[in-house]
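Here are some notes for a colleague who is opening this structure for the first time. Please read the points with the view beside you.

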Amino acid sequence: MADGLKDWSELGEDLLSRIGHCLRTLEDVIRFRAVCNPWRRALLAEQQRRFSPFTQWLMLPFCRSNNMNMEISIRSTISDSLAAAAVATPVTGCKGSENCRCFYNVALHQFHHIEFPQGLQGKRYRGSTMGWLCIVDKTPSISLLNPLTKTEIPLPPATSFPDVLAYRPEKARGEYLLRMADGSEESISKNFFLKKYLKRVVVSAEPTLQECIVMAIRWNTEDNRLAFCRPAEIEAGWKLVAHEEENGIPPDKIGFVDVVFWRDRFYALDWGGRILVCDFSANPHHPTLSFFLEFHSNRYGYSYADNQYLVVCPAAVTGDDDDQLVMVSRFTKWMDIDESDDDSNSDDDCEPSNTARTYWAEKFKVFKMKKDVVGWDEFNSIGEFALFLGFSSSATFVHTKAHPGVVPNSIYFTDDIIDSHRGRMHGGHDMGVYNLATQKVMPLYSTTTLHDNPVMISPLPLWFSPSIVTGS
């Protein structure tokens, strides 16, 4: 080195570790790691874990460098109550390539640009869990990716699901052959399979750990079943969680809409507002499924919601002694619009039509379990917390005092209607912030303010909780 200049990579590990303890934001941690390999290794896992998960980022289907006009249009409509202006601040080097993805940091009102590994073009992201994105391909490939550490973990292929009989790439649409819920066989296109087959994906622990279990809701007509695999036992494939008649759970009466991991077990919500618990403690390869909350759902109003979510709720939100599970119902307004002059069609499986359908979230309701009677109680305030919901597997409560840029007593939501890009339906645009006190929706990240002239955003944006523990 020239006189007076220091080689920063040669700083001692003790000194680097002490510097690491002084870091206060996730962005600083990522920049620290980006200096060189010795700095990355010196930042201990327990130091990084303080920032994981940190807050919610909105993952967008484009990069600022690739689509400047779209980003300017979107940024111009961010609510003044959320940010005066969003500042594009790259977290890692982004060269404007097709591998670059854009994230919007809700707490800091900044854009971050992250270069993804090569070979992910054309694949879809089926949500996020514990800082990992679930990636599916038109081929049977499925994997988990941590975009910050670039670590990718393969999962068993889609052909290992018991109801997937064959993958036939020689067909014009790259068809999958499925055994349907009624026992019949049906061919579906690879595009349709890519969009709908996996509804939710969650993990029980860091996917790099031996004990990690991946749980998914897999779709097959109206039969939404739980399926699981273990990244450490990829050759075992995906297995369906059995509906045991002796536990009073007939296979044709359950349709799962959400699943979470809580207190060492998986809990799944069905359309009727019932919760079932999936327990691996007795047999790690044959879990039991039983009712955790069962009642006659026709006595309540949430079954009429367009979507429902199961969320682990901090005790401070509900005023209880401990955290618990809450259910959130989403109600959507639908409207048909005329598109006689538009020849576009986003899905070649659909017949052309002059009528398009649009929609937007109208209201949300939050419920907690009754204490004395089996069922749900609605509550109208989550206080100083904000809730993040949408096309993701990591619905999360965030304390707004720790993140002043986040609006309290609000629900941040993204579009999660998977069918919204079929035929003439304009999807991806339904994002915003629902204030539980005013029952009004504020814009978050929308390119339009007119319900009768929505834009299409594809693939669907999703919430992502950054994690940098893995691969450290």
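Which strands make up the open sheet of 4 strands, and in what order do they lie?

1. The order in this open sheet is β5-β6-β7-β8, and the pairing is antiparallel. Because the model is a predicted one, local features are taken up here where pLDDT is at least 70. The edges of the sheet are formed by β5 (124-129) and β8, each of which pairs on one side only. On average, and with direction ignored, neighbouring strands of the sheet are turned by 25 degrees against each other.

2. Within the sheet, β7 and β8 run antiparallel and are joined by 5 bridges. To see how the two strands face each other, one may look at Leu145, which stands opposite Glu152 in β8.

3. The loop between β5 and β6 holds Met130, a residue other than glycine whose phi is nevertheless positive, near 55 degrees. Most residues other than glycine have a negative phi. Met130 counts as partly exposed, because its relative accessibility is 37% and the partly exposed range runs between 20% and 50%.

4. A second residue to inspect for its backbone is Asn409, which has a positive phi of about 55 degrees although it is not a glycine. Asn409 lies in the loop between β25 (396-399) and β26 (410-413). Is Asn409 buried or exposed? With a relative accessible area of 13%, Asn409 is buried, since the limit for that class is under 20%.

5. Turning to the interior, the largest nonpolar core has 28 residues, and those with the most contacts inside it are Ile142, Phe161, Phe193, Leu198, Val214 and Trp238. Among the elements that give two or more residues to this core are the strands β6 (132-136), β7 (142-146) and β8 (151-155), together with α6 (190-196) and β12 (198-203). In soluble globular proteins, nonpolar side chains tend to be buried together.

6. Phe161 is a useful residue from which to explore this core. Leaving aside residues up to four places away in sequence, Phe161 touches Ile142, Tyr197, Leu198, Arg218, Ala227 and Trp238. Apart from the largest core lies another, of 19 residues, which includes Tyr309, Val317, Val366 and Phe397.

7. How many salt bridges does the structure hold? There are 12 of them, and two of these share Arg263 and may be read together. Arg263 meets Asp322 through their side chains, at 2.9 Å from N to O. This pair links distant parts of the chain, 59 residues apart, with Arg263 in the loop between β16 (256-262) and β17 (265-270) and Asp322 in the loop between α7 (315-318) and β21 (324-338).

8. Arg263 also forms a salt bridge with Asp323, where the closest N and O atoms are 3.0 Å apart. Since Asp323 is in the loop between α7 and β21 and Arg263 in the loop between β16 and β17, this pair ties together parts that are 60 residues apart in sequence. As for accessibility, Arg263 is partly exposed at 42%, Asp322 is partly exposed at 44%, and Asp323 counts as partly exposed at 25%.

9. Elsewhere, Arg168, Arg173 and Glu175 are linked in a network of salt bridges. One of its links is between the side chains of Glu175 and Arg173, at 3.6 Å from N to O. Glu175 is buried, with a relative accessible area of 15%, whereas Arg173 counts as partly exposed at 34%.

10. A search of the whole structure for disulfides finds 0. Cys102 counts as buried at 0% relative accessibility, and Cys313 is likewise buried, with a relative accessible area of 0%.

11. Finally, Trp57 is found in strand β1 (residues 57-60), and it is buried, with a relative accessible area of 0%. What separates the C-alpha atoms of Trp57 and Leu462 in space? The distance between these two C-alpha atoms is 8.3 Å, although the residues are 405 residues apart along the chain.

Methods
Residues are numbered from 1 along each chain as its sequence is written. This is a predicted model: local features need pLDDT of at least 70, side-chain atom pairs count only at pLDDT 80 or more; totals for chains, interfaces and linings use all residues. Side-chain values use heavy atoms; hydrogens and water are left out. A salt bridge is a side-chain nitrogen of Lys or Arg within 4 Å of a carboxyl oxygen of Asp or Glu. Buried means under 20% relative accessible area, exposed over 50%, partly exposed in between (1.4 Å probe, protein chains only). A nonpolar core is a set of buried Ala, Val, Leu, Ile, Met, Phe, Trp, Tyr and Cys residues joined through side-chain atoms within 4.5 Å. Contact means heavy atoms within 4.5 Å. Two strands pair if DSSP finds at least two bridges between them. Axes are lines fitted to C-alpha atoms, for helices over the stretch in contact, and angles run from 0 to 180 degrees between N-to-C directions. A disulfide is a pair of cysteine sulfur atoms within 2.5 Å.
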